[in-house]
Amino acid sequence: MINEVVPFDPVQDFYGIPEADYLKTTIPLLQGAGAEVVSMQDILQKGIYITNAVKTPKTGYAIDKSSIESSLPYLEAEISLFPNIKVLMLMGDVARKAFNMITKKSTKKNVIPAVSTYKLRNNKIYYEGVRVMPSYIMTGGNILIEKSKVAMATEDIAAMLEIIR
(Lines give C-alpha, C1' and ligand atoms only; values in the text may rest on other atoms or scores of the structure.)
Protein backbone atom coordinates (compact mmCIF):
# COMPACT_ATOMS: atom_id res chain seq x y z
CA MET A 1 0.00 0.00 0.00
CA ILE A 2 1.42 3.35 -1.00
CA ASN A 3 0.27 6.34 1.04
CA GLU A 4 0.93 9.90 -0.05
CA VAL A 5 3.56 11.54 2.21
CA VAL A 6 5.49 10.97 5.43
CA PRO A 7 4.24 12.90 8.46
CA PHE A 8 6.19 15.87 9.78
CA ASP A 9 6.90 13.90 12.98
CA PRO A 10 8.47 10.51 12.10
CA VAL A 11 7.08 8.79 15.20
CA GLN A 12 3.57 9.39 13.80
CA ASP A 13 4.36 7.32 10.68
CA PHE A 14 3.22 3.70 10.20
CA TYR A 15 6.37 2.30 11.77
CA GLY A 16 6.65 4.86 14.57
CA ILE A 17 5.01 4.52 17.94
CA PRO A 18 2.20 1.96 18.40
CA GLU A 19 -0.46 4.69 18.66
CA ALA A 20 0.90 6.73 15.71
CA ASP A 21 -1.49 9.10 13.96
CA TYR A 22 -1.11 7.23 10.65
CA LEU A 23 -2.24 4.01 12.29
CA LYS A 24 -5.28 5.69 13.86
CA THR A 25 -6.97 5.80 10.46
CA THR A 26 -5.23 2.88 8.73
CA ILE A 27 -6.05 0.18 11.28
CA PRO A 28 -9.80 0.97 11.30
CA LEU A 29 -9.84 0.88 7.47
CA LEU A 30 -8.20 -2.55 7.47
CA GLN A 31 -10.50 -3.77 10.24
CA GLY A 32 -13.54 -2.49 8.35
CA ALA A 33 -12.33 -4.51 5.36
CA GLY A 34 -12.23 -7.67 7.46
CA ALA A 35 -8.57 -7.80 8.51
CA GLU A 36 -7.99 -8.77 12.11
CA VAL A 37 -5.27 -6.26 12.92
CA VAL A 38 -4.50 -4.03 15.88
CA SER A 39 -0.88 -3.10 15.18
CA MET A 40 1.62 -2.54 12.41
CA GLN A 41 3.11 -5.93 13.20
CA ASP A 42 -0.29 -7.56 12.56
CA ILE A 43 -0.50 -5.74 9.22
CA LEU A 44 2.95 -6.94 8.20
CA GLN A 45 2.11 -10.52 9.21
CA LYS A 46 -0.84 -10.40 6.80
CA GLY A 47 1.64 -9.74 3.99
CA ILE A 48 0.82 -6.05 3.74
CA TYR A 49 3.63 -3.52 3.52
CA ILE A 50 2.79 0.17 3.76
CA THR A 51 4.99 3.00 2.60
CA ASN A 52 4.79 6.63 1.58
CA ALA A 53 5.31 7.88 -1.97
CA VAL A 54 6.94 11.11 -0.82
CA LYS A 55 9.74 10.64 1.69
CA THR A 56 9.91 14.22 2.97
CA PRO A 57 7.12 15.97 4.88
CA LYS A 58 5.06 18.47 2.97
CA THR A 59 5.68 22.07 3.86
CA GLY A 60 2.46 23.54 2.48
CA TYR A 61 -1.04 22.45 1.61
CA ALA A 62 -0.06 20.73 -1.63
CA ILE A 63 2.84 18.45 -2.49
CA ASP A 64 4.93 19.83 -5.32
CA LYS A 65 6.13 17.72 -8.23
CA SER A 66 9.80 18.10 -7.26
CA SER A 67 9.13 16.44 -3.88
CA ILE A 68 7.56 13.49 -5.67
CA GLU A 69 10.41 13.28 -8.18
CA SER A 70 13.12 13.34 -5.52
CA SER A 71 11.41 10.49 -3.67
CA LEU A 72 10.91 8.23 -6.70
CA PRO A 73 14.26 6.37 -6.47
CA TYR A 74 13.46 5.39 -2.88
CA LEU A 75 9.94 4.28 -3.72
CA GLU A 76 11.18 2.26 -6.69
CA ALA A 77 13.81 0.61 -4.48
CA GLU A 78 11.17 -0.29 -1.90
CA ILE A 79 8.85 -1.80 -4.48
CA SER A 80 11.74 -3.84 -5.92
CA LEU A 81 12.27 -5.48 -2.51
CA PHE A 82 9.03 -7.40 -3.03
CA PRO A 83 9.34 -9.61 -6.12
CA ASN A 84 6.10 -11.48 -5.34
CA ILE A 85 3.77 -8.48 -5.13
CA LYS A 86 0.21 -9.40 -6.02
CA VAL A 87 -1.38 -5.97 -5.67
CA LEU A 88 -0.28 -2.36 -5.28
CA MET A 89 -2.77 -0.04 -3.65
CA LEU A 90 -2.29 3.63 -4.47
CA MET A 91 -3.84 5.47 -1.57
CA GLY A 92 -4.48 8.98 -2.85
CA ASP A 93 -3.66 11.18 -5.80
CA VAL A 94 0.00 11.71 -4.89
CA ALA A 95 0.58 7.95 -4.75
CA ARG A 96 -1.12 7.64 -8.13
CA LYS A 97 1.01 10.40 -9.61
CA ALA A 98 4.23 8.88 -8.22
CA PHE A 99 3.36 5.44 -9.57
CA ASN A 100 2.58 6.87 -13.00
CA MET A 101 5.90 8.71 -12.98
CA ILE A 102 7.71 5.43 -12.25
CA THR A 103 5.87 3.35 -14.82
CA LYS A 104 5.97 6.02 -17.53
CA LYS A 105 9.72 5.40 -17.84
CA SER A 106 9.06 2.00 -19.39
CA THR A 107 5.56 2.34 -20.85
CA LYS A 108 5.82 5.94 -22.15
CA LYS A 109 2.27 6.50 -20.88
CA ASN A 110 0.33 6.61 -17.62
CA VAL A 111 -0.66 3.18 -16.34
CA ILE A 112 -3.38 4.80 -14.25
CA PRO A 113 -5.59 6.97 -16.49
CA ALA A 114 -6.19 10.60 -15.53
CA VAL A 115 -9.76 9.85 -14.48
CA SER A 116 -11.48 10.31 -11.12
CA THR A 117 -10.70 7.54 -8.66
CA TYR A 118 -14.35 6.56 -8.24
CA LYS A 119 -14.52 5.84 -11.97
CA LEU A 120 -11.42 3.62 -11.84
CA ARG A 121 -12.11 1.66 -8.67
CA ASN A 122 -13.80 -1.29 -10.32
CA ASN A 123 -11.49 -1.50 -13.33
CA LYS A 124 -8.82 -4.17 -13.29
CA ILE A 125 -5.56 -2.40 -14.00
CA TYR A 126 -2.31 -4.37 -14.22
CA TYR A 127 1.32 -3.40 -14.53
CA GLU A 128 3.83 -6.17 -15.18
CA GLY A 129 1.34 -8.75 -13.93
CA VAL A 130 0.61 -6.88 -10.68
CA ARG A 131 -2.90 -5.61 -9.95
CA VAL A 132 -2.80 -1.85 -9.38
CA MET A 133 -5.68 -0.38 -7.41
CA PRO A 134 -6.14 3.38 -7.15
CA SER A 135 -8.02 4.30 -4.00
CA TYR A 136 -8.37 7.14 -1.51
CA ILE A 137 -5.92 8.56 1.01
CA MET A 138 -5.80 6.53 4.20
CA THR A 139 -4.21 8.98 6.64
CA GLY A 140 -4.91 12.38 8.09
CA GLY A 141 -7.97 14.10 9.43
CA ASN A 142 -9.54 14.66 6.02
CA ILE A 143 -10.44 11.01 5.63
CA LEU A 144 -12.71 11.27 8.64
CA ILE A 145 -14.69 14.07 6.98
CA GLU A 146 -15.73 12.22 3.83
CA LYS A 147 -17.57 9.09 4.94
CA SER A 148 -18.18 7.95 1.36
CA LYS A 149 -14.42 7.87 0.72
CA VAL A 150 -13.91 5.86 3.90
CA ALA A 151 -16.49 3.36 2.64
CA MET A 152 -14.88 3.15 -0.80
CA ALA A 153 -11.34 2.80 0.60
CA THR A 154 -12.60 0.04 2.90
CA GLU A 155 -14.17 -1.77 -0.08
CA ASP A 156 -10.93 -1.41 -2.04
CA ILE A 157 -8.91 -2.80 0.86
CA ALA A 158 -11.33 -5.73 1.14
CA ALA A 159 -10.72 -6.47 -2.57
CA MET A 160 -6.96 -6.30 -1.94
CA LEU A 161 -7.29 -8.73 0.96
CA GLU A 162 -9.10 -11.19 -1.31
CA ILE A 163 -6.28 -11.01 -3.83
CA ILE A 164 -3.49 -11.61 -1.30
CA ARG A 165 -5.21 -14.46 0.54
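In helix α1, the buried residues (under 20% relative accessible area with a 1.4 Å probe, protein chains only) are Y22, L23, T25, T26, I27, L29 and L30. The model is predicted, so that local features require pLDDT of at least 70 and side-chain atom pairs pLDDT 80 or more, whereas totals for chains, interfaces and linings use all residues. Residues are numbered from 1 along each chain as its sequence is written, and side-chain values use heavy atoms, without hydrogens and water.

Helices are DSSP runs of H or I with at least four residues, and strands are runs of E with at least two, both numbered from the N terminus. Helix α1 covers residues 21-32, and its end C-alpha atoms lie 18 Å apart, in agreement with the 16 Å expected for 12 residues at 1.5 Å a residue (1.5 Å times one less than the number of residues). After α1 comes G34, with a positive phi near 105°.

The largest nonpolar core (buried Ala, Val, Leu, Ile, Met, Phe, Trp, Tyr and Cys residues joined through side-chain atoms within 4.5 Å) comprises 49 residues, and M1, I43, I157 and M160 have the most contacts inside it. Helix α4 (residues 93-107) gives the most to this core, namely 6 residues. Excluding residues up to four places away in sequence, I43 is in contact (heavy atoms within 4.5 Å) with L23, I27, L30, V37, I48 and I50.

By class, 12 nonpolar, 3 polar and 3 charged residues line the second largest pocket. Nonpolar here denotes Ala, Val, Leu, Ile, Met, Phe, Trp, Tyr, Cys and Pro, charged denotes Asp, Glu, Lys and Arg, and polar the others, including Gly.

Definitions and conventions: Buried < 20%, exposed > 50% of the residue type's maximum accessible area, 1.4 Å probe, protein only.
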